[in-house]
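Reader: I have a model open on my screen and would like to talk it through with you. Could you take my questions as they come?

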There are 2 protein chains.
Amino acid sequence: MISLTEENYLKALFNLANHAGEVNVNELSKQLDIKMPTVTSMMKKLAGKKLVYYESYKPLRLTEKGKREASLVIRKHRLTEMFLAEKMGFGWEEVHDIAEQVEHVQSAAFFDKINELLGFPKLDPHGAPIPDKNGKLAWVAYDKLSDCHVGETVRVSAVVHTSSEFLKFLNNREIKLGTRIKIKSIESFDSSMVISYDNRPAETLSHAVCERLLVEKKV
Amino acid sequence: MISLTEENYLKALFNLANHAGEVNVNELSKQLDIKMPTVTSMMKKLAGKKLVYYESYKPLRLTEKGKREASLVIRKHRLTEMFLAEKMGFGWEEVHDIAEQVEHVQSAAFFDKINELLGFPKLDPHGAPIPDKNGKLAWVAYDKLSDCHVGETVRVSAVVHTSSEFLKFLNNREIKLGTRIKIKSIESFDSSMVISYDNRPAETLSHAVCERLLVEKKV
DNA sequence: CTAAGATGTTAGAATAATCTAACAAAATAT
DNA sequence: ATATTTTGTTAGATTATTCTAACATCTTAG
Ligand SMILES: [Mn+2]
Ligand SMILES: [Mn+2]
Ligand SMILES: [Mn+2]
Ligand SMILES: [Mn+2]
């Protein structure tokens with residue numbers, strides 16, 4: 001049995017993993033707002049459960065079992081977010097905090113029903129893919145808007161690090177998934193972008209914003 | 001802040017309270033499947049939070065604050081049950097176990113939305129009243145079917161101690177809230193009742209069943 | 001009214017999850 | 001290459017929730 005606390009560690013490990021699947025104790029500590037010694041002792045515990053590979057002073061890595069369990073928690077989280085947004089009428093900026101709690105419900109029937117009522121969605125309200133029942137995740141590689149060039153037209157496909165504040169910022173400008181953005185110019189001194197979309201007046205987006213908007217070029 | 005564990009104790013205290021609002025340590029211990037010494041120490045803790053009146057060897061009683069907090073947990077439980085049944089398609093025998101977990105979500109917006117989507121229901125799927133936002137509960141005094149007499153026609157209005165098994169038993173016989181039952185005869189040796197309803201063949205219900213069906217006589 | 005039995009409390013310990021302080025190792029910057 | 005900073009671990013303590021064993025009180029059946 002995996003406790004609520006352990007589920008949160010697994011989820012964070014999965015989300016922080018770099019290309020090589022590695023996470024540092026310090027990063028995990030910051031992500032969870034839990035002190036490093038606590039993280040170290042939890043890692044030893046998860047290693048005992050064969051969910052994490054742990055060696056002193058080495059980066060942390062989820063085992064295959066750990067990846068699967070983490071994906072299943074992420075599945076519950078994203079299905080919940082989608083249900084809150086699509087079936088209950090919450091905004092995409094509201095769903096994360098509630099899903100953070102509901103994701104820990106232990107009832108396969110509950111999440112199966114949500115999945116069914118939603119018509120087996122592939123993506124959550126932030127454009128993130130929903131892992132399947134075996135924990136398999138179909139990762140699509142989007143581009144950051146900040147990596148695109150002047151003159152290109154792109155489609156907003158996902159948002160990263162979806163703080164409520166960032167999503168409200170996008171709401172205020174009516175930027176959502178599917179919005180087609182044309183890049184008018186890029187200020188070289190701060191990498192901010194002047195863009196146009198939806199027949200609205202031109203907007204300037206800071207580099208911080210452009211980095212968090214994931215887009216597709218082939219629209 | 002009231003923890004998940006404390007919420008469960010409060011709920012059990014509220015549900016077990018007799019006419020005088022009293023609960024014994026032993027009953028509470030059995031209800032929660034937690035040993036008596038643990039219950040005693042938790043009662044001291046809740047007394048410290050002014051949620052329970054506690055005196056050694058005396059029956060336990062919720063304070064007014066305790067009653068309100070307990071009612072608010074029960075509100076979350078019953079709204080969840082109703083949502084699971086009405087909006088998600090779960091059977092009344094399935095909703096309790098899931099609601100037992102979802103009731104601990106801390107988000108007023110979540111339960112307000114559920115309430116709104118349901119159209120502000122007054123009763124849960126088992127006929128139990130849903131407390132209002134202030135924890136006020138409109139208790140209706142129903143009769144047990146077992147207290148009714150031969151020849152009477154009554155309407156099933158609620159079920160008590162809603163174990164999944166009992167509810168499946170009722171499902172098998174198509175007895176639900178609203179079913180109009182006519183009492184054909186009562187066996188004096190075991191108090192079982194022969195009843196008819198919905199143009200179905202006569203059924204015999206044991207005393208144990210009749211005690212758990214709450215009915216209204218004025219249909 | 002007393003002896004059992006049931007109920008309730010105290011004491012001491014365990015587990016899970018967290019912390020601070022101190023120390024150790026690794027990475028970085030002169 | 002050494003000193004400094006950052007990162008990670010160990011040790012020891014704390015809080016929340018639970019348990020068993022032993023003892024105390026209350027209730028009930030002769
Ligand atoms: Mn969580
Ligand atoms: Mn999301
Ligand atoms: Mn509960
Ligand atoms: Mn109910």
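Reader: How many salt bridges does the rule find across the interface of chain A and chain B?
Author: This is a predicted model, and across the interface of chain A and chain B the rule finds zero salt bridges. What the rule does find there is two residue pairs in polar contact, both at pLDDT 80 or more.

Reader: Which elements give two or more residues to the side of chain A that touches chain B?
Author: They are α4 (64-86), α5 (95-102) and α6 (108-117) of chain A, and α6(A) brings the largest share of that side, with five residues. Sorted by class, the side of chain A that touches chain B consists of 11 nonpolar, five polar and two charged residues.

Reader: And how much area do chain A and chain B bury between them?
Author: About 1400 Å² is buried between chain A and chain B, and 75% of it lies on carbon and sulfur atoms. Of the area that chain A buries against chain B, 36% is supplied by A:Met88, A:Gln101 and A:Phe110, which is more than any other three residues supply. Counted by contacts, 18 residues of chain A meet 18 residues of chain B.

Reader: Why do the copies meet through the same surface?
Author: The copies meet through the same surface because 100% of the interface residues of chain A are also interface residues in chain B.

Reader: What turn lays chain A on chain B?
Author: A turn of 180° with a shift of 0.0 Å along the axis lays chain A on chain B, with an RMSD of 0.1 Å, and that is the relation of a two-fold axis. Within chain A, the C-alpha nearest the axis belongs to A:Val102, at 3.4 Å from it.

Reader: Let's move to the DNA. Which residues are the closest to DNA strand C?
Author: DNA strand C is surrounded by 21 residues, of which the closest are A:Lys45, B:Asn26, B:Thr40, B:Lys44 and B:Tyr54. Two of these residues can be followed to a phosphate oxygen of the strand: for B:Asn26 a backbone N or O atom lies 2.6 Å from one, while for B:Lys44 a polar side-chain atom lies 2.2 Å from one. From chain A, a backbone N or O atom of A:Lys35 lies 3.0 Å from a phosphate oxygen of DNA strand C.

Reader: Where in the two chains does the surface near DNA strand C come from, by element?
Author: Two or more residues each come from α1 (4-16) and α3 (36-48) of chain A, and from α2 (25-32) and α3 (36-48) of chain B. The most is given by α3(A), with five residues. By class, the surface near DNA strand C has 10 nonpolar, eight polar and three charged residues.

Reader: What part of the atoms of DNA strand C within 4 Å of the protein belongs to sugar or phosphate?
Author: For DNA strand C, 75% of the atoms within 4 Å of the protein belong to sugar or phosphate, and the rest belong to bases. For DNA strand D, the figure for sugar or phosphate is again 75%, with the rest in bases.

Reader: Which residues come nearest to DNA strand D, then?
Author: Among the 21 residues around DNA strand D, those that come nearest are A:Asn26, A:Thr40, A:Lys44, A:Tyr54 and B:Lys45. A polar backbone atom of A:Asn26 is 2.5 Å from a phosphate oxygen of the strand, and an N or O atom in the side chain of A:Tyr54 is 2.2 Å from a phosphate oxygen. Chain B takes part through B:Ser3, where a side-chain N or O atom is 2.8 Å from a phosphate oxygen of DNA strand D.

Reader: Which element gives the most to the surface near DNA strand D?
Author: That is α3(B), with five residues.

Reader: One last topic: how many salt bridges are there over all chains?
Author: By this rule the count over all chains is 28 salt bridges. One example is the pair of A:Lys217 and A:Glu152, whose side chains meet at 3.6 Å, N to O. This pair links distant parts of the chain, 65 residues apart, with A:Lys217 in the segment after β9 (213-216) and A:Glu152 in the loop between β4 (143-144) and β5 (153-159) of chain A.

Conventions. Residues are numbered from 1 along each chain as its sequence is written. Chains are lettered from A and ligands numbered from 1 in the order in which they are written. This is a predicted model: local features need pLDDT of at least 70, side-chain atom pairs count only at pLDDT 80 or more; totals for chains, interfaces and linings use all residues. Side-chain values use heavy atoms; hydrogens and water are left out. Contact means heavy atoms within 4.5 Å. Buried area is the accessible area (1.4 Å probe) that two parts lose on being put together, summed over both. A salt bridge is a side-chain nitrogen of Lys or Arg within 4 Å of a carboxyl oxygen of Asp or Glu. A polar contact is a pair of N or O atoms within 3.5 Å; within protein, one must be able to donate a hydrogen and the other to accept it, and residues adjacent in sequence count only if both atoms are side-chain atoms. Helices (H or I, at least four residues) and strands (E, at least two) are DSSP runs, numbered from the N terminus. Ala, Val, Leu, Ile, Met, Phe, Trp, Tyr, Cys and Pro count as nonpolar, Asp, Glu, Lys and Arg as charged, and the others, Gly among them, as polar. A residue is near a molecule or strand if one of its heavy atoms lies within 4 Å of it. Copies are superposed by least squares on the C-alpha atoms of residues with pLDDT of at least 70 in both.
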